[in-house]
Amino acid sequence: MRNSSSKLYYKISEASEILGVPPSTLRFWEREFHGTICPHRSDRGTRYYTDDDLEAFRMIKFLIKDRGLKVEAARQEIRLNRDGVAKKAEAIRTLGSVRDRLQGIIDAMHQFR
């Protein structure tokens with residue numbers, strides 16, 4: 001799922017906010033999944049992530065946080081079935097969004113009782 005923003009690059013603080021994980025976690029994942037996530041860096045070392053990098057982070061977050069895999073198992077899963085992992089992660093995000101919208105409707109209906 002691409003971001004609705006028209007930005008080409010995101011600083012680590014922006015990526016952290018979008019993904020809901022601390023910047024230290026993103027730096028750790030970047031080291032552990034080198035080659036999967038390759039941010040551009042400024043002359044001063046500032047990381048700039050693309051939409052593709054954010055998608056890779058979403059896959060990693062799904063595998064580690066949602067499925068509970070260890071880093072090595074997550075690496076292997078991405079190496080063996082990247083497309084499948086991406087599709088599952090997207091489906092989980094979509095279902096979560098639908099659940100949140102439905103809960104909002106239920107909450108609104110309870111206000112009118």
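Start by selecting helix 1 (12-19) and helix 2 (23-32) in this predicted model. The two helices pack at an angle of about 100°, and their axes lie 9 Å apart. Because angles of 65 to 115 degrees count as roughly perpendicular, that is the word for how helix 1 and helix 2 sit relative to each other. To see where they touch, show the side chains of I12, A15, S16 and L19 on helix 1, then P23, L26 and R27 on helix 2. Colour this contact by class and you will find five nonpolar residues, one polar and one charged.

Next, select helix 3, residues 51-66. Its 16 residues reach 21 Å from the first C-alpha to the last, close to the expected 22 Å. Is helix 3 mostly covered or mostly uncovered? Mostly covered: 12 of the 16 residues are buried. Among them are L54, F57, M59, I60, F62 and L63, along with D51 and R58. Now bring back the surroundings: the cover over these buried residues includes helix 1, helix 2, strand 2 (47-48) and helix 4 (71-111). Just after helix 3, click on G68, which has a positive phi, near 75°.

Finish with helix 4. How far does helix 4 span between its end C-alpha atoms? The span is only 44 Å, whereas a straight helix of 41 residues would cover 60 Å. Zoom in on N81, where helix 4 bends by about 110°. Then highlight its buried residues: V71, A74, I78, G84, V85, A89 and G96. Keep helix 2 and helix 3 on screen too, as these are what the buried residues of helix 4 pack against.

Definitions and conventions:
Residues numbered from 1 in each chain as written. Predicted model: local features only at pLDDT ≥ 70, side-chain atom pairs only at ≥ 80, totals over all residues. Heavy atoms only, no water. Helix = DSSP H or I, 4+ residues; strand = E, 2+ residues; numbered from the N terminus. Expected span 1.5 Å × (residues − 1). Buried < 20%, exposed > 50% of the residue type's maximum accessible area, 1.4 Å probe, protein only. Contact = heavy atoms within 4.5 Å. Axes fitted to C-alpha atoms, helices over the stretch in contact; angles between N-to-C directions. Parallel < 35°, antiparallel > 145°, perpendicular 65-115°, else oblique. Nonpolar A, V, L, I, M, F, W, Y, C, P; charged D, E, K, R; others polar. Bend = angle between axes of the 7 residues up to and from the residue.
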